[in-house]
Amino acid sequence: MVNIPRFFKPDDATADGNPSTRTIPLLPLRDIVVFPYMTSPLFVGRSKSINAISEAMHSQEKYILLSTQSDPGKESPKENEINKIGTVAKVGQILRLPDGTVKTVVEGQFRARILEFKPNDSFFEVSVEIIDETDMNDSEKEAFFRNINALLNEYAQLNKNFSQDTIKSIGVISDPVTMLYTVAGHFSFKTPENQRLLEIVSIQERLTHLIELIKQEIIIIQTDKVIKDRIKDQMEKSQKTYYLNEQMRAIKKEMGSDESEADELKEIENRIEENKMSAEADGKARQELKKLKMMTPMSAEATVVRNYIDWLTSLPWNKKTKVAKDIEKAQRILDEDHYGLEKPKERILEYLAVQSLVKKLRGPILCLVGPPGVGKTSLVKSVARATGRKFVRLSLGGVRDEAEIRGHRRTYIGAMPGKIIQSLRKVSVNNPVFCLDEVDKMSMDFRGDPSAALLEVLDPEQNNSFNDHYLDVEYDLSDIMFITTANTLPDIPLPLQDRMEIIRLPGYTEVEKYHIANKFLVPKQIKENGLKTSKISFSKNAIYTIIRDYTREAGVRSLERKVASICRKIAKDLLKNKKDIKNIPVNISSTSVQKYLGPGKIRTDLIEKKDQIGIVTGLAWTQFGGELLSVETVTMPGKGNFTVSGKLGDVMKESASAAISYVRSRAKQFNIDQHFHEKLDIHIHVPDGATPKDGPSAGIAMCTAIISSLTRLPIDRGLAMTGEITLRGRVLPIGGLKEKMLAAHRGGIKKVLIPKGNIQDISDIPASIAKQITIIPVEHMDEVVKHAIIELDGKLIFNHNHKFDTGQLDDSDIVAANI
């Protein structure tokens, strides 16, 4: 018999007269059974369980009932989901952890049965009775002890982790109940089996069940050893590296589940049947599947073949989305997503219109060229939305390996298809809008030229049979709508340019930037920063102030960042002052912009305050748009030295030399001392010396500055000019006229001289700007001088015998030029 604890003795009998009953807290357990005479740490996290532990800890005896719940996944078990027989344990200590859980150590005392649950909302409280242990005679006890010790010795020989010291400590136990639970605690039996050991009433039956469980463990270890020995016998010494894989296979064979490999091959065969590939790809896949069936499943080559078949069967050979052909809807979507950009939109609509009339468009690939931030990639996204196609983007910036486009050959370890095929697998259709971004930023090295690989991709006559090195079968790319983007055209190889139609996005005017900010950027940033569009407003002057004083770009990225910065500062101020961030109205003026962003960061190019000698306003193109370029020239007594400064490139230096030679050849006509090159030093300087400058379009500006400095006649401050000069004074066409005119308008210029060859480009200039600037086409330097240099009283720029030239000079007019 087990010793009855003090609180169950007759002097503590309950009201019903039963000395073996008592009301104590209950702790439901999930996946563990605590036996009598067993000390176990527990982590308690449920509030009811924590309350039960606390209640037991505050009682005099510190007793609590530990009973396993039938469903370990239940967070809040009901009374009928808790086993009726458990173990009364004594709570040793509790430790509250930072995460709110409680760690406690309990010591099992004896078995008990739940009689009833008491009403209690804080924790489970139950009335329990002790379960008496049955007696057994000495001969039975000795027989059971011998059986158990023999099994433990046999188990220890099979399992090296079960030590002889453990067997010795068990062998000195004389009480069968103590031995039962001590032995059970050293095995990892399943929870239901442990619960059964607790519930069986007869000690003889419990010991018999324990013996059966130990025998099952021995059989499992012996079976595992047989499997390992069988594998070891089958393997050769050279195949030891495959031991673990073969072990898994042998286990499956022992369990009768060696059908998984056959199922996998059947699945691959079904995928080949279902995915309607091209005839070439279908034949290739079946050929590789035949090879795969003859290989060892875990071999390295089988993995390569399996991956190859997986790539073939996962590509969208014939999966397509339905293409929308509503031009009016496409126009509406383009207008919704982008303000301005009329010419690019018109060309895209033409492209879509032709595509809707023919089954396959074999026209040129579109290439959007423009500075950063003008909306090239987002315009391609709008095309995808307008046509109902899926959109996929591939950035080519920094790509220098041909294999990135064509893929690696399968002979290489880790080979994969190229980015084109990978993107198609990702998008899962064969007719998306495919954006090849930053096509001008590819490079090349010893691994090949990726731009050359793109020639096949972007050629409508060839891309219907694109051959990826990894797939090694032809793939049809002709249904894909390729659109490329670039920042600068010269960086794109000429053969690649030849396969594309260039659409230029030159940048936005200030008016266009204002409308973009007002309609798109401001509402977007107000929403993204948690503000309310109906309460935050930016005045027109505020937006123009941000555009002019805080950004210098062709696009609108910096503009959006500045608007976002203001919105963040507004949100911070409102929260700092503890105001309702969504209901307080805030009006942003030009003064508020300075408050939030500080002083203006961008120096605005303005014209000179008065007419100057030797200072000309030129026009330059940069990747951020047009800019005013001041060209200064001074002469001083010397020996004819000629200096240029301002970090000028080779082309500008050559333009300066051409200008000097032209002036020397026309010195007589300009009333200049024909020997000035022997008596005077000339210095040409372009301010902002830290910024590199190059290009031929400053030629007439430098020539005009030299003539002004030598004749001591001022230059019209309200005039700017752009054009390349030849030795005979002809003015050649230039590029970037629209951007330069925008810069002239921004700087307050009223008159601009442009090459006559650029007359056709005037139509690109916004009408609102063209009306405010007088544009004068010129074809010879004589005309430039006539319009630019102011003749003072009694001093003329040309002598009386001069005839205005248009480019054809007589020999008598030419003085030897020193270049």
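In this predicted model, the charged end of K540 is placed over the ring of Y514, at 5.7 Å from the ring centre. A second arrangement of this kind involves R410 and Y308: here the charged end of the arginine sits over the tyrosine ring, 3.7 Å from its centre.

Rings also meet other rings. A pair of aromatic rings is described by the distance of the centres and the angle of the planes. In this structure, 12 aromatic pairs are found. One of them joins F117 and F124, whose ring centres lie 6.0 Å apart. Their planes stand at 75°, and because an angle over 60 degrees counts as edge-to-face, the pair belongs to that class. Both partners can be followed a little further. F117 has a relative accessible area of 14% and is therefore buried, while F124, at 11% relative accessibility, is likewise counted as buried.

Another pair to look for is that of Y662 and F670, with ring centres 6.3 Å apart and planes at 65°, so this pair is edge-to-face too. As for their surroundings, Y662 and F670 are both buried. Aromatic residues can also gather in a group: Y155, F162, F187 and F189 make up one aromatic cluster.

Turning from rings to a loop, the reader will meet D326 between helices α10, which spans residues 300-314, and α11, which spans 327-337. With a relative accessibility of 42%, D326 counts as partly exposed. The side chain of D326 has a polar atom 3.1 Å from the backbone nitrogen of E328. D326 can also be placed relative to a residue further along the chain: 61 residues in sequence separate D326 from T387, yet their C-alpha atoms are 8.0 Å apart in space.

The cysteines complete this tour. A disulfide is a covalent bond between the sulfur atoms of two cysteines. For this model the count of disulfides is 0, a count that rests on a limit of 2.5 Å between the sulfur atoms. Two of the cysteines can be described by their accessibility. C367 has a relative accessible area of 0% and is therefore buried. C435 also counts as buried, because its relative accessibility is 0%.

Note on methods. Residues numbered from 1 in each chain as written. Predicted model: local features only at pLDDT ≥ 70, side-chain atom pairs only at ≥ 80, totals over all residues. Heavy atoms only, no water. Phe/Tyr/Trp six-rings, centres within 6.5 Å; stacked < 30°, edge-to-face > 60°. Buried < 20%, exposed > 50% of the residue type's maximum accessible area, 1.4 Å probe, protein only. Lys NZ or Arg CZ within 6 Å of the ring centre and 35° of its normal. Helix = DSSP H or I, 4+ residues; strand = E, 2+ residues; numbered from the N terminus. Polar contact = N/O pair within 3.5 Å; in protein donor to acceptor, adjacent residues only side chain to side chain.
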